[in-house]
Amino acid sequence: MTGNTPQVADWGRAEDATGSPPDRASQGTGTQTTPGARLRRLMNAIDSEVIPRLVLAHRDGDQLKPSPPSMNLAAQVENLLALLLADRTDAVISHLRALRDEGSSIEAMYLDILAPLARRLGELWLSDQCDFARVTLGMLGVQQAMRHFSLEFRGKPCATLPQQRALLAAMPGEQHTFGVSMLAEFFRRDGWDVVEDLPQSQSDLLDRVRSQPFHVVGLSLSRDGALGALAGTIRAIRRESCNPAVAIMVGGAAFAGHARRAARVGADATALDPRQAVRRARNLLMLLSAER
């Protein structure tokens, strides 16, 4: 058994030691330039004003509905966990469909039910209450439930930034990739052309960025001990990418509660959840466009 917990990618903004977002123009110089300060102000304005208005303008409102307040989410997660461990994925999907019929949004079901289910499976594994095979079958059930609602969830994507391409991948050696799959759902719903990758090595990942241009590369990591390897991979991606202006985001358990690590490994941003990750990605594209 390894120490890797099945996680939904924990995608705040990358921060430096002062708590400020990293200044791409001044990283490595030790000084803050006036253009960099302007870019930070622009990012804050986009994040607090522009993006929320775009979201409201291009969503039909269904995805923004919270779970009904009467739902006992913790109890539901435990009941559904028991069904998963009994290989009753069909019953899990039926329960989610009933919630959908009662007015729950698919986004709420993803974030409030399926994501906690994935975390609980990881906890059972780490506490030796379930073996690897059983946890893996449970994770496959969670993936199947998410895919069941996938087309309905994506709906008609907004097209304010057409032709956006993202590569979303777990770092080599990661055991579970549910967080990457869920993140891909949110990016696709937002109109991105998404490639999901499960590279076996850094070389596999570099082959991908050499051969295809991506606006954003998102990397997921759960192991604190692999932060050094992640930093090396990010440097290699920037060096080898056929898009020299590629933006790099990081997420996963290694960054949960440690947003400043994103800047330390050389990434441009991280985020608290998939919704914020999409917003951060859009912000980065706007900032890179402004820099150019």
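Which residue of β4 is the bridge partner of V217? In this predicted model, the answer is I248, and that pair offers a convenient way into the strands around it. β3 and β4 run parallel to each other and are paired over five bridges. Between these two strands the chain passes through α9, and the resulting β-α-β crossover is right-handed. On the β1 side, β3 is again engaged in a parallel pairing, here with five bridges to β1. Within that pairing, L168 has G218 of β3 as its bridge partner.

Both β3 and β4 are well covered. Five of the five residues of β3 are buried, so the strand is largely enclosed by the rest of the structure. In a regular strand, side chains alternate between the two faces of the sheet. For β3, one side carries V216, G218 and S220 and the other carries V217 and L219, and all of these are buried. β4 follows suit, with five of its five residues buried. A247, M249 and G251 lie on one side of β4, I248 and V250 lie on the other, and both faces are covered.

The helix of the crossover, α9, spans residues 227-240. At 1.5 Å a residue, its 14 residues should span 20 Å, and the end C-alpha atoms are indeed 20 Å apart, so expectation and model agree. The buried residues of α9 are L227, L230, A231, T233, I234, A236 and I237. Their cover includes the helices α8 (202-211) and α10 (260-264), together with the strands β3 (216-220) and β4.

Turning to the nonpolar interior, the largest core holds 50 residues, and L96, Y110, L114, L117, F187 and W192 are the ones that touch the most other members. At least two residues of this core come from each of α2, α3, α4, α5, β1 (165-170), α7 (178-189), β4 (247-251) and α11 (274-291). The largest share belongs to α4, which supplies eleven residues. A second, separate core is made up of 26 residues, including V195, L221, L230 and A231; L230 and A231 are also among the buried residues of α9. As for L117, its contacts beyond neighbours within four places in sequence are V77, L80, L81, L84 and V142.

Another helix that repays a closer look is α3, which covers residues 89-101. Its 13 residues should span 18 Å at 1.5 Å a residue, and the distance between its end C-alpha atoms, 18 Å, agrees with this. Buried in α3 are T89, A91, V92, I93, L96, L99 and R100, and these residues pack against α2 (73-85), α4 (106-126), α5 (132-148) and α6. T89, a residue of α3, has a relative accessibility of 10% and therefore counts as buried. With neighbours within four places in sequence left aside, T89 is in contact with L84, G141 and Q144. L84 also appears among the contacts of L117. Just after α3, G103 adopts a positive phi of about 115°.

R100, one of the buried residues of α3, also brings E152 into the picture. A polar contact of 2.8 Å links the side chains of R100 and E152. E152 belongs to helix α6, residues 150-154, and is partly exposed, with a relative accessible area of 38%. When residues up to four places away in sequence are not counted, E152 touches R97, R100 and I106. I106 and E152 are 46 residues apart in sequence, yet their C-alpha atoms are 8.2 Å apart in space.

Finally, two loop residues deserve a friendly mention for their backbone geometry. Most residues other than glycine have a negative phi. D87, which is not a glycine, nevertheless has a positive phi of about 60°. D87 is situated in the loop between α2 and α3, and its relative accessibility of 61% means that it counts as exposed. D128, likewise not a glycine, has a positive phi of about 65°. The loop between α4 and α5 is home to D128, and this residue is exposed, with a relative accessible area of 58%.

How values were computed
Residues are numbered from 1 along each chain as its sequence is written. This is a predicted model: local features need pLDDT of at least 70, side-chain atom pairs count only at pLDDT 80 or more; totals for chains, interfaces and linings use all residues. Side-chain values use heavy atoms; hydrogens and water are left out. Helices (H or I, at least four residues) and strands (E, at least two) are DSSP runs, numbered from the N terminus. Buried means under 20% relative accessible area, exposed over 50%, partly exposed in between (1.4 Å probe, protein chains only). Contact means heavy atoms within 4.5 Å. A polar contact is a pair of N or O atoms within 3.5 Å; within protein, one must be able to donate a hydrogen and the other to accept it, and residues adjacent in sequence count only if both atoms are side-chain atoms. The expected span of a helix is 1.5 Å times one less than its number of residues. A nonpolar core is a set of buried Ala, Val, Leu, Ile, Met, Phe, Trp, Tyr and Cys residues joined through side-chain atoms within 4.5 Å. Two strands pair if DSSP finds at least two bridges between them. A crossover is right-handed if, with the strands pointing away from the viewer, the path from the first strand over the helix to the second runs clockwise.
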